[in-house]
Amino acid sequence: MFFNKIVCKEPIKTLESTSQIAPLFFFVSGAISGSPLRDDLQTDGLTGRVIGGHEAYPNSWKWQVSLQIAYADSPGYYSHICGGTLISSKWVMTAAHCLRATYRVALGEHNLLEVDANSGLAVKSLFPLSRFSYDIALLRLDSPAYDNGFVELGVLPPEGDVLPNNYPCYITGWGGVGFLPQLAVKLQEVMLPVVDHEICSQNDWWGSQVKATMICAGGDGVRSGCSGDSGGPLNCYKDNRWQVHGIVSYGLVPYCNTYKKPTVFTRVSAYVDWIYSVSCLVVLNNIL
């Protein structure tokens with residue numbers, strides 16, 4: 001069974017189930033239902049790849065997406081380049097700076113070297129905001145994703161919601177995991193505390209580079225996102241559910257875990273209305 005279709009003003013719908021049980025791949029241009037990670041949130045403290053983290057429990061972040069690029073000289077070969085979040089049956093949210101040429105989106109993945117032989121689904125269109133102003137983009141899948149036990153929809157926060165300083169969140173991704181980092185094969189996770197805008201915009205942190213439409217998290221010199229995590233989610237447990245509050249945007253590469261240089265995310269709550277309006281625009285113009 002497919003996910004429900006996007007509905008104007010309420011694009012995020014509940015899941016329908018299917019008997020299929022394999023990761024999904026979509027060509028373009030993974031709420032923790034159990035409690036293990038919620039327990040980590042309470043007991044892990046702020047310890048820890050992503051840098052400084054550890055391998056995630058397989059298929060625990062079911063809205064996590066791997067955005068993969070194809071190479072012209074190697075037909076059929078794809079390599080992970082960015083993360084993303086499945087926010088409805090046909091929409092993937094990622095960073096605008098991730099947009100390149102030919103992609104596929106892999107859903108329900110954990111180990112990128114264990115590729116399931118699923119057919120690809122083309123992406124109908126891209127709806128990026130200007131990468132020079134806002135690092136957010138929506139990708140529309142040509143065919144809908146469906147719930148196969150490995151895939152869920154990411155939940156968006158309320159419009160304008162701003163998390164307080166030190167709020168514990170998780171970054172997830174296949175990005176670099178060490179000095180001069182190499183991409184991870186298996187999905188990684190690490191807890192990062194939110195650094196509020198007042199602190200993160202200080203001169204010895206990120207200064208004026210950080211805008212009010214961004215979230216900083218980390219900065220302890222140990223844990224961070226890094227190359228390859230771009231576009232992926234910042235997952236925060238709030239109101240008894242996981243919500244995607246951020247999109248990985250930038251950091252200090254290759255020294256990603258530099259002290260007072262936290263990972264910077266696009267703040268999703270600043271763009272919820274835009275996300276809904278794009279969905280509505282597509283529906284109203286009957287191009288879904």
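**Disulfides, salt bridges and cores**

With -85 degrees about the S-S bond, the link between Cys 200 and Cys 216 comes out left-handed. The two sulfur atoms of this disulfide sit 2.0 Å apart, in what is a predicted model. The link bridges distant parts of the chain: Cys 200 belongs to helix α2 (residues 197-200), while Cys 216 belongs to strand β11 (residues 214-217). Counted along the sequence, the partners are 16 residues apart. Neither end is left out in the open: Cys 200 has a relative accessibility of 0% and counts as buried, and Cys 216 is buried too, at 1%.

That link is one of four disulfides held by the structure. As a reminder, a disulfide is a covalent bond between the sulfur atoms of two cysteines. Another one joins Cys 82 to Cys 98, with 2.1 Å from S to S. What is the handedness of the disulfide between Cys 82 and Cys 98? The torsion about its S-S bond is about -85 degrees, so this disulfide is left-handed. Cys 82 is found in strand β4 and Cys 98 in the loop between β5 and β6, so the pair ties together parts of the chain that are 16 residues apart in sequence. Cys 82 is buried, with a relative accessible area of 5%, and Cys 98 is buried at 1%.

Cys 226 and Cys 256 are also joined by a disulfide, with an S to S distance of 1.8 Å. Here the torsion is about 50 degrees, so the link between Cys 226 and Cys 256 is right-handed. Both partners sit in loops: Cys 226 in the one between β11 and β12 (233-238), and Cys 256 in the one between β13 and β14 (263-267). The parts that this pair ties together are 30 residues apart in sequence. Cys 226 has a relative accessible area of 6% and is buried, and Cys 256, at 3%, is buried as well.

Next come the charged side chains. Searching the whole structure turns up four salt bridges. In one of them, the side chains of Lys 238 and Asp 161 meet at 2.7 Å, N to O. This pair reaches across distant parts of the chain, 77 residues apart: Lys 238 is in strand β12, and Asp 161 is in the loop between β8 and β9 (168-173). Are these two charged residues buried or exposed? Lys 238 is buried, and so is Asp 161.

The salt bridge between Asp 204 and Lys 260 spans 2.8 Å, N to O. Its partners come from distant parts of the chain, 56 residues apart, with Asp 204 in the loop between α2 and β11 and Lys 260 in the loop between β13 and β14. Asp 204 is partly exposed, at 39% relative accessible area. Why does Lys 260 count as partly exposed? Its relative accessibility is 21%, and buried means under 20%, so Lys 260 falls in the partly exposed class.

Asp 220 and Arg 223 form a salt bridge as well, their closest N and O atoms being 2.3 Å apart. The two ends of this bridge fall into separate classes: Asp 220 is partly exposed, with a relative accessible area of 29%, whereas Arg 223 counts as buried at 4%.

Now for the whole chain and its interior. The chain has three helices and 14 strands. Of its 288 residues, 54% count as buried. The accessible surface comes to about 12300 Å², and carbon and sulfur atoms account for 53% of that area.

In soluble globular proteins, nonpolar side chains tend to be buried together. In this model, the largest nonpolar core has 44 residues. Which of them touch the most other members? They are Leu 67, Leu 86, Met 93, Leu 138 and Ile 275. The elements that give two or more residues to this core include the strands β3 (64-71), β4 (74-86), β5 (91-94) and β6 (103-107). Also on that list are β8 (137-141), β13 (241-250) and the helix α3 (272-284). Apart from this core lies another one, made of 13 residues. Among them are Leu 163, Cys 169, Ile 171 and Val 194.

Methods:
Residues numbered from 1 in each chain as written. Predicted model: local features only at pLDDT ≥ 70, side-chain atom pairs only at ≥ 80, totals over all residues. Heavy atoms only, no water. Core = buried A, V, L, I, M, F, W, Y, C linked by side-chain atoms within 4.5 Å. Buried < 20%, exposed > 50% of the residue type's maximum accessible area, 1.4 Å probe, protein only. Helix = DSSP H or I, 4+ residues; strand = E, 2+ residues; numbered from the N terminus. Areas by Shrake-Rupley, 256 points an atom, 1.4 Å probe, with all protein chains shown as cover. Disulfide = S-S within 2.5 Å.
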